[in-house]
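Here is a short report on one chain. It starts with how helices are assigned, then covers the fold, two helix crossings and four residues.

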Amino acid sequence: MKGIDAFDRRYSLTGYLLLLVIFLPALVFAILNTYNTVPAFLNNTEALKQTGLSFLRALAVGFAALLLSFPGVVIYAKCSNEIRNLLRVNFAFSFCFPAALMEVCFDNLFSSGEFIANLQLSPVIRTSLVNLMLNIPLLIVMLGEHLRHLDVRQKMCARSIKSPAISSFMALTLPRLAPALLGAFALVLMRCMTPTGNTVVSMLFSVLFLIVLVSTDKKRSQAEVSLDSLSEPNTEKKSVFITILSVIYMVAAQCLVIIPFISMILRSILIDGSVSFEAYRLLFSSSDYLTSLGFCLAIAVVSSVIASVLGIHISVGIANTGCSLFLALLPFAIGPATLVFGFTGLYPWVGQTQTVKLILTMLCHILVLTPIQVMIVLPAVRALSANLRKTSVSLGNTSSQSFRLIDLRILDIDVRCAFFTSIALSIGLWAEGEGSEAYAFNSIILILCFIFFFMGIGHTREGKRNV
């Protein structure tokens, strides 16, 4: 069906061209504005030392997150569907929930809240703990989903010949889990690595981690089986002691996400030790805050719509024609801070009016959200049966008609999942400032994010599967 292949190429090409039109100006300006400082940075011993320490801290946090999350990975993969669905909604929160706002929550917990502030942690230790708390739930979901997708026939064969469970796991399961481990580890490093102080050097690290992530994606996908054979017969009897430990572990892991969330809400209400809604009254009586909230919602919706269109186009190309996953995820690796820096370089060329700033903000949000759209929609596109569209084409429909009538209808739930999740991510990028009004504003943003997040990943079976 060369007609279908040609349609997939044309369809994906549209998405990539639109992505490049938005992405290249910001990337070019970010590089042009800092490439002259690269030699000075490389000759700065103190800067190189700080970069090396940052890389070592990221490695330490990554290894610690892998070790601490691995018991949860095994528990997650063996849970019943009902319990797993509940865990997935909470654990996915740490990744799909806006990272910037989660960092505000953690920072409030460690430095402003009354829970751990008395420990007087150093900034390095506090940042490392924050990254560890953010990434443990992420790894449990990513690796747990991959582990339960593995073909279990080899494991069942090893069990039938009385092979020890540890030996069969090390010899059969771990090698097939290795690509997912390596890819997840690269993603953790990408999130934990702090900016070096030079945009070009920071991008080099991000691109390196992204190459590892993308190169392991194909091997990881080959180790998965179709969704029809996901359920593994669980006939093993678990001891009461193991069950209790599993429950304690999972409750502790969920608290890593829930406690910072609650601390932000409480911090916005409990002011000076007494319950007061004065901050909210000031917030809703201020035209500046209300205007900011209105722009926040408008930009989130518009950016999510455009990112959804780009995400579908690009996902079809990656799944059906082998187009570059690297290019699709590159804005995610570059990061919003670098993108904002690049768009700022456009100000002298296009002016600094409020309208221009809003447009550039929306473009930045689109670039941040499109890779997330691809991450959520791509697994569902890969699972589509090519025979359905081929049959439709053989009955006289064009490739584009068949795609709209069949593929998009099958992807409907996943697309809605990605759309609402993107709105939550976009809203969360507006968290800023300190003080009672800022905490109140952030708490409202937090609640809005959670609502849209639950409407997306939390509300759909397919969406939750594709986290």
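Helices here are DSSP runs of H or I with at least four residues, numbered from the N terminus. By that rule, T51 has its place in helix α3, residues 45–78. The model is a predicted one.

**Whole chain**

The secondary structure comes to 21 helices and 2 strands. The chain has 467 residues, and 48% of them count as buried. Take the contacts with a sequence separation of 6 or more: 84% of them join residues 24 or more positions apart. The exposed surface of the chain is about 22500 Å². Carbon and sulfur atoms supply 67% of that area.

**Helix α12 and its two partners**

Helix α12 spans residues 287–321, and helix α19 spans residues 412–428. Their axes come within 8 Å and cross at roughly 140°. Angles over 145 degrees would count as roughly antiparallel. α12 and α19 are therefore oblique to each other. Their crossing is right-handed.

Which residues of α12 and α19 make the contact? On the α12 side they are C296, L297, I299, A300, V301, S304, V305, S308 and I312. On the α19 side they are V415, F419, S422, I423, S426 and I427. By class, the residues of this contact divide into 11 nonpolar, 4 polar and no charged.

The second partner is α16, which covers residues 354–382. The axes of α12 and α16 come within 6 Å and cross at roughly 40°. Angles under 35 degrees would count as roughly parallel. α12 and α16 are therefore oblique to each other. This crossing, too, is right-handed. Its contact residues divide into 18 nonpolar, 9 polar and 1 charged.

**Four residues**

Are T51, T370, C417 and C255 buried or exposed? The cut-off for buried is under 20% relative accessible area, and exposed means over 50%. The table lists the values.

| Residue | Helix | Relative accessible area | Class |
|---|---|---|---|
| T51 | α3 | 8% | buried |
| T370 | α16 | 0% | buried |
| C417 | α19 | 0% | buried |
| C255 | α10 | 30% | partly exposed |

T51 is buried because its relative accessible area is 8%. What does T51 touch, not counting residues up to four places away in sequence? The answer is F41, M193, T196 and F205.

T370 sits in α16. Its relative accessible area is 0%, so T370 counts as buried. Leaving aside neighbours within four places in sequence, T370 is in contact with L19, A307, L310, G311 and I314. Helix α12 covers residues 287–321, and A307, L310, G311 and I314 are among the contacts of T370.

C417 belongs to helix α19. A relative accessible area of 0% makes C417 buried. Its C-alpha atom is separated by 7.9 Å from that of I376, and the two residues are 41 residues apart along the chain.

C255 is in helix α10, residues 240–269. With a relative accessible area of 30%, C255 is partly exposed. Which residue pairs with C255 across 165 residues of the chain, with C-alpha atoms separated by 9.5 Å? That residue is N90.

How values were computed
Residues numbered from 1 in each chain as written. Predicted model: local features only at pLDDT ≥ 70, side-chain atom pairs only at ≥ 80, totals over all residues. Heavy atoms only, no water. Buried < 20%, exposed > 50% of the residue type's maximum accessible area, 1.4 Å probe, protein only. Contact = heavy atoms within 4.5 Å. Areas by Shrake-Rupley, 256 points an atom, 1.4 Å probe, with all protein chains shown as cover. Axes fitted to C-alpha atoms, helices over the stretch in contact; angles between N-to-C directions. Parallel < 35°, antiparallel > 145°, perpendicular 65-115°, else oblique. Left-handed = near helix turned anticlockwise from the far one by under 90°. Nonpolar A, V, L, I, M, F, W, Y, C, P; charged D, E, K, R; others polar.
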